[in-house]
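The following exercises are to be worked with the sequence and the coordinates at hand. Each task is followed by a solution in steps.

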Amino acid sequence: MASQEIERLAGALARLPGLGPRSARRAVLWLIKRRESALPALLEALATVQEALVECRTCGNVDTTDPCAICADPRRDPRSLCVVEDVADLWALDRAHLFTGRYHVLGGRLSALEGVRPEDLTIGKLLDRVGQGGIDEIVLAMNATLEGQTTAHYLAERLEAFPVRITQLAHGLPVGGELDYLDEGTLAQALRARRPVG
Ligand SMILES: [Zn+2]
């Protein structure tokens, strides 16, 4: 029987995405065995996250400064704005170093099933940003899910009123993907997004 303290920690860890009760208990045991070596660094990192991280009021990114490092970076192209569902998507795109503009985090996606409406996301803020002018292109980088695409469609309609070019991430073959392993939806997207050769 584990003590109350251990159960409490395991219960808290089990709420993390990707960790179930079983892996949470294994993580707790791992930490107990390394309470001298690994625990202090983890505690310090958690405290830093709690104290130092803030949400950027411009784009919704999480950073130690507001505005965040991306919004404050003068080398970033202010005319290009990439709209993403969550901060994790922003980080994924930015790790790839391919997009040189700035971002806007919606804070989720429209979902009739989960009751997420346009006013639950930062769509109003996005329209305000675009309305202030100076933006030429908006990249809608929603997930290739039904809800992501519904959100992209809704945004494209709301943004039609502004003099901006609206683009969307292409969907299709993943790098290294073999045709006979792909689901029909991916294949259909790839076929629809086909382009001239050469
Ligand atoms: Zn920002």
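Two strands pair if DSSP finds at least two bridges between them. The model examined here is predicted.

**Exercise 1. Determine which strands pair with β3, and in which sense.**

Step 1. Strand β3 and strand β5 (residues 137-140) are joined by 4 bridges and pair in the parallel sense. With at least two bridges required, the two strands therefore count as paired.

Step 2. Strand β3 (residues 77-84) is also linked to strand β4 (residues 101-105), through 5 bridges, and these two strands run parallel.

Step 3. Individual positions show the register. Leu 81 has Arg 102 of β4 as its bridge partner, Cys 82 stands opposite Tyr 103 in β4, and Val 83 stands opposite His 104 in β4. Towards β5, Val 83 stands opposite Leu 140.

**Exercise 2. Establish the strand order of the open sheet and identify the strands at its edges.**

Step 1. The open sheet has 4 strands in the order β4-β3-β5-β6, with parallel pairing.

Step 2. Strands β4 and β6 (165-168) each have a single partner strand, so one side of each is left without a neighbour in the sheet; these are the edge strands.

Step 3. Neighbouring strands of the sheet are turned against each other by 25 degrees on average, direction ignored.

**Exercise 3. Describe the helices that pack on the sheet and the handedness of the β3-to-β4 connection.**

Step 1. Helix α5 packs on the sheet and touches β3 and β4, its direction making about 160 degrees with that of β4.

Step 2. Helix α6 (residues 123-131) packs on the sheet as well, touching β3, β4 and β5; the angle between its direction and that of β4 is about 150 degrees.

Step 3. Strand β4 is mostly covered, as 5 of its 5 residues are buried.

Step 4. Return to the pairing of β3 with β4, over 5 bridges. From β3 the chain passes through helix α5 (residues 87-95) to β4, and this β-α-β crossover is right-handed.

**Exercise 4. State which residues bind the zinc ion and why the arrangement is tetrahedral.**

Step 1. The protein donors are the SG atoms of Cys 56, Cys 59, Cys 68 and Cys 71, at 2.3 to 2.4 Å from the zinc ion.

Step 2. The 4 donor atoms subtend angles of 105 to 116 degrees, and the arrangement is therefore tetrahedral. For reference, the ideal angle for four tetrahedral donors is 109.5 degrees.

Step 3. Along the chain, the donors follow the spacing C-x2-C-x8-C-x2-C. Cys 56, in the loop between β1 (54-55) and β2 (62-63), and Cys 71, in helix α4 (residues 69-72), are 15 residues apart and link distant parts of the chain.

Step 4. Cys 56 counts as buried because its relative accessibility is 1%; Cys 71, with a relative accessible area of 12%, is buried too.

**Exercise 5. Characterise the surroundings of Arg 109.**

Step 1. Arg 109 lies in the loop between β4 and α6. Its relative accessible area is 22%, so Arg 109 is partly exposed.

Step 2. Beyond its neighbours within four places in sequence, Arg 109 is in contact with Glu 85, Glu 114, Val 116, Leu 121, Glu 147 and Thr 151.

Step 3. Arg 109 and Glu 85 are 24 residues apart along the chain, while their C-alpha atoms are separated by 6.0 Å.

Conventions. Residues numbered from 1 in each chain as written. Predicted model: local features only at pLDDT ≥ 70, side-chain atom pairs only at ≥ 80, totals over all residues. Heavy atoms only, no water. Donors = N, O, S within 2.8 Å, 3.2 Å for Na, K, Ca; no water. Tetrahedral: all angles 85-135°; square planar, octahedral: opposite > 155°, others 65-115°. Buried < 20%, exposed > 50% of the residue type's maximum accessible area, 1.4 Å probe, protein only. Right-handed = clockwise from strand over helix to strand, strands pointing away. Axes fitted to C-alpha atoms, helices over the stretch in contact; angles between N-to-C directions. Contact = heavy atoms within 4.5 Å.
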